[in-house]
Amino acid sequence: MKLVLINYGAGNIKSLQFAFQRLGAEAILSDDIEAIQNSDRVIFPGVGEASSAMAMLRQTGLDKVIPNLTQPVLGICLGMQLMCNSSEEGKTKGLGVFDVDVAKFPSTVKVPQIGWNTITGLRTELFQNITEESYMYAVHSYFAPVCKETIATTQYGSNYSAALQKNNFYGVQFHPEKSSTTGEVLLKNFLNL
């Protein structure tokens with residue numbers, strides 16, 4: 001199986017590669033359009049700031065490539081947020097895969113949200129063998145509200161989307177590569193889609 005991690009200068013790459021290694025899969029880091037298009041699975045990672053990340057994607061032409069991929073694609077954290085219509089972070093126009101706008105957490109809660117959160121309302125094969133109220137590790141200041149493409153929710157101040165799905169595109173706000181055995185199950189499920 002050809003598994004590609006999109007390389008656009010976003011963090012959390014090594015921990016993702018190690019997580020897939022533990023599952024017996026080699027994740028190749030690449031910004032090569034042909035390599036990404038010809039892979040079996042694509043991971044769209046992300047730790048960073050939305051507007052500079054989108055600028056990098058536009059610079060390399062990946063902003064046009066990603067929304068047109070036909071194989072399973074998993075956006076993680078900022079990667080998921082960039083697949084939404086827009087983000088309040090840097091007033092950024094997103095890739096428009098998911099029909100929702102990313103908002104900043106209100107001033108009533110401490111940001112960034114850092115730590116373990118339970119996920120509920122689990123739908124689709126991405127969450128096979130994962131139980132309701134399982135814990136996942138999250139670090140973020142922005143969130144996708146609950147919408148028609150929500151396949152899992154979590155709570156911080158109010159309910160928001162822990163995961164999204166539309167066709168072959170999946171997104172998770174949490175970091176499965178840092179979420180112990182439950183996160184490992186999710187990554188394995190993604191490989192098995």
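## The largest pocket

In this predicted model, strand β9 gives the largest share of the lining of the largest pocket, namely three residues. Helix α5 (78-82) and strand β9 each contribute at least two residues to that lining. The space in the largest pocket amounts to about 220 Å³. It is lined by 15 residues, of which Val 47, Gly 48, Cys 77, Val 139 and His 140 are the closest to its centre.

The lining of the largest pocket is mixed in class: six residues are nonpolar, seven are polar and two are charged.

## The annotated active site

An unreviewed UniProt entry carries the annotation "active site" for Cys 77, His 175 and Glu 177. These residues are spread over 101 residues of sequence, yet they cluster in space, with a largest C-alpha distance of 11.2 Å. Of the annotated residues, Cys 77 and His 175 are included in the lining of the largest pocket.

His 175 sits in the loop between β13 (169-172) and α6 (180-191), and Glu 177 is placed in the loop between β13 and α6 as well. The side chains of Glu 177 and His 175 make a polar contact at 2.9 Å. His 175 has a relative accessibility of 3% and therefore counts as buried. Glu 177 is likewise buried, because its relative accessible area is 8%, and the limit for a buried residue is under 20%.

## Cys 77 and its backbone

Cys 77 belongs to the loop between β4 (73-76) and α5. With a relative accessible area of 7%, Cys 77 is buried. The backbone of Cys 77 has a positive phi of about 55°, although the residue is not a glycine. Most residues other than glycine have a negative phi.

## Other backbone features

Which other residue has a positive phi without being a glycine? Glu 133 does, with a phi near 70°. Glu 133 is located in the loop between β8 and β9. Its relative accessibility is 47%, so Glu 133 counts as partly exposed; this class lies between the limits of 20% and 50%.

A further feature concerns a peptide bond. Val 111 and Pro 112 are joined by a cis peptide bond, with omega at about -5°. Pro 112 is part of the loop between β7 and β8. Most peptide bonds are trans.

## The enclosed cavity

Rolling a probe the size of a water molecule over the atoms shows where empty space is left. One cavity of 30 Å³ or more is present in the structure. The largest cavity has a volume of about 50 Å³. The elements that give two or more residues to its lining are β8 (113-119), β9 (134-140) and β12 (158-166).

Which residues line the largest cavity? They are Asn 117, Ile 119, Met 136, Ala 138, Thr 154, Tyr 160, Ala 162, Gln 173 and Phe 174. By class, this lining has six nonpolar and three polar residues, and no charged residues. Strand β9 thus has a part in two linings, because it supplies at least two residues to that of the largest pocket and two or more to that of the largest cavity, where strands are DSSP runs.

## The largest nonpolar core

The largest nonpolar core holds 31 residues, and those that touch the most other members are Tyr 8, Phe 44, Leu 82 and Phe 98. At least two residues of this core come from each of β1 (3-6), β3 (41-44), α3 (50-60), α4 (62-65), α5 and β7 (98-104). Helix α3 provides the largest share, four residues.

Helix α5 is therefore linked to two parts of the structure: it supplies at least two residues of the core and at least two residues of the lining of the largest pocket, with helices taken as DSSP runs.

## A buried polar residue

Gln 71 is found in the loop between α4 and β4. Where does its side chain reach? The side chain of Gln 71 reaches the backbone oxygen of Gln 37 at 3.4 Å. Gln 71 is buried, because its relative accessible area is 8%, a value under 20%.

Methods:
Residues are numbered from 1 along each chain as its sequence is written. This is a predicted model: local features need pLDDT of at least 70, side-chain atom pairs count only at pLDDT 80 or more; totals for chains, interfaces and linings use all residues. Side-chain values use heavy atoms; hydrogens and water are left out. On a 1 Å grid over the protein atoms alone, a cavity is a set of points where a 1.4 Å probe fits but cannot get out, and a pocket is an open set with protein on both sides within 12 Å along at least five of seven lines; lining residues have an atom within 4 Å of a point. Grid points are joined across faces, edges and corners, and a volume is the space filled by probe spheres set on the points. Ala, Val, Leu, Ile, Met, Phe, Trp, Tyr, Cys and Pro count as nonpolar, Asp, Glu, Lys and Arg as charged, and the others, Gly among them, as polar. UniProt positions are given in the numbering used here, feature names are shortened, and annotations may be inferred rather than shown by experiment. Buried means under 20% relative accessible area, exposed over 50%, partly exposed in between (1.4 Å probe, protein chains only). A polar contact is a pair of N or O atoms within 3.5 Å; within protein, one must be able to donate a hydrogen and the other to accept it, and residues adjacent in sequence count only if both atoms are side-chain atoms. A nonpolar core is a set of buried Ala, Val, Leu, Ile, Met, Phe, Trp, Tyr and Cys residues joined through side-chain atoms within 4.5 Å.
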